[in-house]
Amino acid sequence: MSPKPDVSQKRKDQIMTAAEEVFTQKGFNDARMEDIAKGTGLSKGTLYLYYKSKDDIIIAILDRIFQREFKVFTNLDLTNMSATDAIWNFTETISKDIKMMMRLLPITFEFMGLAFRNKFVQKAFKTYFKHYMDILIPIIQKGIDSGEFRTESAHEIALAMGAVMEGTILLWVYDKSMVNPEEHIKSGMKLLMEGIKTK
């Protein structure tokens, strides 16, 4: 006999998906629980059975975004290749993932604003950042040890790579006509890689 589906989790996913749309259109401040309930087709009372506040929904969405990112990272096998190829595979994966996540970027930047004053949001970003660094630093160190890369700090190089990725997305927010995140993350990483390769 097959196990019964988790109706509670399915309902939470339904609520978070509706909330993402509401937050994207209205922002965190202007969105109301009534708007989210309307988007799910549930009553406001039923919505409160799953989430006690708008903040609870916001934290749940952030957790879902990061869990999805962690799954992408976990499924990425970079062990049996050169450091250069591993970084390019990582960059390709991140670039494609960003393209898929474009509709959620307005929410992502609202999360960044919340990180200044909300310790739970800040902790989530810190966990994501550590996960990112834990993947890149060993790859870069492998490239340094093998002679592919110049003898520099693997930590500093990983930070620079993160700045290329995050900074490119921010520039896209400033001017969408000038910046293509998927294309310009790759070109930025290419320029950085040329700088750290041994001659």
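This passage describes the pockets, the salt bridges and a nonpolar surface patch of a predicted model.

The largest pocket holds about 650 Å³ of space. Its lining counts 26 residues, and those closest to the pocket centre are T108, M112, F125, Y128 and E166. Five helices each supply at least two residues of this lining: helix 4 (54–74), helix 5 (83–100), helix 6 (105–114), helix 7 (119–146) and helix 8. Helix 8 gives the most, with six residues. By class, the lining of the largest pocket is made up of 19 nonpolar, three polar and four charged residues.

The second largest pocket encloses about 200 Å³. Its lining consists of I59, L62, D63, F66, Q67, F70, F120, V121, K123, A124 and T127. Two elements, helix 4 and helix 7, give two or more residues to this lining. The largest share comes from helix 4, which provides six residues. Seven of the lining residues of the second largest pocket are nonpolar, two are polar and two are charged. Helix 4 and helix 7 also appear among the helices that each supply at least two residues to the lining of the largest pocket.

Helix 8 spans residues 154–174 and includes L170. This leucine belongs to a nonpolar surface patch of about 370 Å², made together with L171, V173 and Y174. L170 counts as partly exposed because its relative accessibility is 32%. Patch residues need over 30% relative accessible area, and L170 has 32%.

Turning to charged contacts, a search of the whole structure finds nine salt bridges. One of them pairs K26 with D35, with the closest N and O atoms 3.3 Å apart. The two partners fall into separate accessibility classes. K26 is partly exposed, at 40% relative accessibility. D35 is buried, at 12% relative accessible area. The cut-off for buried is under 20%, so the 12% of D35 places this aspartate in that class.

A second salt bridge joins E34 to K44, and here the closest N and O atoms lie 2.8 Å apart. E34 sits in helix 2 (residues 33–40) and K44 in helix 3 (residues 44–50); the pair links distant parts of the chain, ten residues apart. Both ends have partial exposure. The relative accessibility is 36% for E34 and 33% for K44.

The side chains of E92 and K186 also meet in a salt bridge, at 3.3 Å from N to O. E92 lies in helix 5 and K186 in helix 9 (residues 181–196), so this contact ties together parts that are 94 residues apart in sequence. E92 is partly exposed, at 31% relative accessibility. K186 is likewise partly exposed, at 24%. Elsewhere, D13, E20 and R64 are joined into one network by salt bridges that share partners.

Several helices thus recur in the description. Helix 5 contributes to the lining of the largest pocket and carries E92, the partner of K186 in helix 9. Helix 8 gives six residues to the lining of the largest pocket and also contains L170, one of the residues of the nonpolar patch.

Key
Residues numbered from 1 in each chain as written. Predicted model: local features only at pLDDT ≥ 70, side-chain atom pairs only at ≥ 80, totals over all residues. Heavy atoms only, no water. Patch = residues over 30% accessible without salt bridge, like charges linked within 9 Å, V, L, I, M, F, W, Y side chains within 5 Å. Areas by Shrake-Rupley, 256 points an atom, 1.4 Å probe, with all protein chains shown as cover. Salt bridge = Lys/Arg side-chain N within 4 Å of Asp/Glu carboxyl O. Helix = DSSP H or I, 4+ residues; strand = E, 2+ residues; numbered from the N terminus. Buried < 20%, exposed > 50% of the residue type's maximum accessible area, 1.4 Å probe, protein only. 1 Å grid on protein atoms, 1.4 Å probe; cavity = no way out; pocket = protein on both sides within 12 Å on 5 of 7 lines; lining within 4 Å. Points joined across faces, edges and corners; volume = space filled by probe spheres on them. Nonpolar A, V, L, I, M, F, W, Y, C, P; charged D, E, K, R; others polar.
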